[in-house]
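Grab a pencil and work through these exercises one at a time. Try each task yourself before you read its solution.

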Amino acid sequence: NKGKHRHFMEKEIYEQPEAIGHVLAHYVNLIENCADPVPSFDFASIPSLAISACGTAYLAGLIGKYWFERYARLPVEIDVASEFRYREIPLSPQSAALFISQSGETADTLASLRYCKKLGLKIGAVVNSAESSIAREADAVFPILAGPEIGVASTKAFTCQLAVLAALAISAARTRGTVTENEVQALVRNLAGMPRIMGEVLNSIQPKIELLARELSRYRDVLYLGRGTSFPLAMEGALKLKEISYIHAEGYAAGELKHGPIALIDKDMPVIVIAPFDRFFNKTVSNMEEVAARGGRVILVTDEKGATASKLDTMNTIVLPAVDEIIAPMIFSLPIQLLAYHTAVFMGTDVDQPRNLAKSVTVE
Ligand code: F6R
């Protein structure tokens, strides 16, 4: 039942404040009570963490890597499951591995899980479906509690995966003693404030995104740029746009611009720059200036502080509330998802069932 929405994808985008509230209630309570989310998963003693997944779930894992490394000082090895399982990575049996999957049935992710299990690693599953193969074969299950996701393009599962990974990273940081108790409390407070901010953003940005989407639907190629956790988000934005609107899109680390993609810059390829006002902002702005100097059109997705700080004349600027770094990836997911959605609606594609794609990929 789509309710008042035209597509399941739209409904699922708007369900995010509630879904995130739900998943946080589960995990944040555990952190606040000083309990490990799952006692059998001992973050304190592992030398490193391996993460593997496919598509959007992989991009969530990539953002998780930044968090585990930054907050918990835990080295993370991550790859797409179809490479991970064949790379013959030298993994220590003392390590743990996380597999992220909405469906819990993705063939390559399941094969990567079995590979790590055979090596003796402790296995954690970040899944939406607790009845799935990936959940069944794991030692510890971290449910994302997103509820059914019908749209083929993943939206609420992505942000709920991020919420779980953030909670796990904070909990790992606490057990490893790499953050102070005050820092833990601040991180938890920021996470807890997320549903309200998401609701405000969803209530306010749609008209602007629709106008922008109408414009975007006229282009054949789009480049997304970001730094830090905004880099995986740039790749997620590009993935979302290509899979439902069929517009060719690429996501790049902003710093890689001059190592190749800058050759493509012209007025016919809009560049969507994801740049919250964080410690990378000035660097990303200088990449934006390089784009503008070559006649490229910039769509800046930033926050109130970033909008004030940037002097650049953009094709369009989407302004979000300024939020703490730990929740920025979830908040910035919203305009990224809505932009892909409305662009696809303008293109007249089958948004919930894009061509050639399946919700669950059980073949390799
Ligand atoms: C993109 C998308 C896919 C899935 C990927 C993994 O919007 O939905 O990239 O993320 O096929 O699927 P799961 O999470 O079920 O393993």
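**Exercise 1.** Find where Tyr246 lies, then work out what is unusual about its backbone and how exposed it is.

*Solution.* Start with the place: in this predicted model, Tyr246 sits in the loop between α10 and β7. Next, check the backbone angle: the phi of Tyr246 is positive, about 65 degrees, although this residue is not a glycine. That stands out because most residues other than glycine have a negative phi. Last, look at the surface: Tyr246 has a relative accessible area of 28%, so it counts as partly exposed.

**Exercise 2.** Now do the same for Glu88: where is its place, and is it buried or exposed?

*Solution.* Glu88 belongs to the loop between α4 (81-84) and β3. Its phi is positive too, about 55 degrees, and again the residue is not a glycine. For the surface, use the cut-off: exposed means over 50% relative accessible area. Glu88 has 68%, so it is exposed.

**Exercise 3.** Check whether the span of α10 agrees with its number of residues, and decide how enclosed the helix is.

*Solution.* First, the span: α10 has 16 residues, and at 1.5 Å a residue they should cover 22 Å. The end C-alpha atoms of α10 are 22 Å apart, so the two values agree. Second, count the buried residues: there are twelve of them out of 16, so α10 is largely enclosed by the rest of the structure. Among them are Leu233, Leu241 and Ile244, and also Glu236, Lys240 and Glu243.

**Exercise 4.** Repeat the check for helix α7 (residues 156-176), then see what comes just after it.

*Solution.* Helix α7 has 21 residues and reaches 30 Å from its first C-alpha to its last, close to the 30 Å expected. Of those 21 residues, 19 are buried, so α7 is largely enclosed by the rest of the structure. Just past the helix end, Gly177 takes a positive phi of about 70 degrees.

**Exercise 5.** Work out which way the side chains point along strand β5 (residues 140-143), and how this strand pairs with β4.

*Solution.* Walk along β5 and the side chains alternate. Ala140 and Phe142 point to one face and are buried, whereas Val141 and Pro143 point to the other and are not. For the pairing, β5 and strand β4 (residues 122-127) run in the parallel sense over four bridges. One bridge joins Val127 to its partner Pro143 in β5.

**Exercise 6.** Describe strand β6 (residues 221-226): how covered is it, and how does it pair with β7?

*Solution.* Begin with burial: five of the six residues of β6 are buried, leaving the strand mostly covered. Then the pairing: β6 and strand β7 (residues 248-253) are parallel, with six bridges. Val222 stands opposite Ala249 in β7.

**Exercise 7.** What is the volume of the largest pocket, and which residues and elements line it?

*Solution.* The largest pocket has a volume of about 560 Å³. Its lining holds 27 residues, with Cys54, Gly55, Thr56, Lys359 and Val361 nearest the centre. Sorted by kind, the lining residues are ten nonpolar, eleven polar and six charged. At least two lining residues come from each of α3 (55-72), β3 (96-101), α5 (107-119) and α10 (230-245).

Notes
Residues are numbered from 1 along each chain as its sequence is written. This is a predicted model: local features need pLDDT of at least 70, side-chain atom pairs count only at pLDDT 80 or more; totals for chains, interfaces and linings use all residues. Side-chain values use heavy atoms; hydrogens and water are left out. On a 1 Å grid over the protein atoms alone, a cavity is a set of points where a 1.4 Å probe fits but cannot get out, and a pocket is an open set with protein on both sides within 12 Å along at least five of seven lines; lining residues have an atom within 4 Å of a point. Grid points are joined across faces, edges and corners, and a volume is the space filled by probe spheres set on the points. Ala, Val, Leu, Ile, Met, Phe, Trp, Tyr, Cys and Pro count as nonpolar, Asp, Glu, Lys and Arg as charged, and the others, Gly among them, as polar. The expected span of a helix is 1.5 Å times one less than its number of residues. Buried means under 20% relative accessible area, exposed over 50%, partly exposed in between (1.4 Å probe, protein chains only). Two strands pair if DSSP finds at least two bridges between them.
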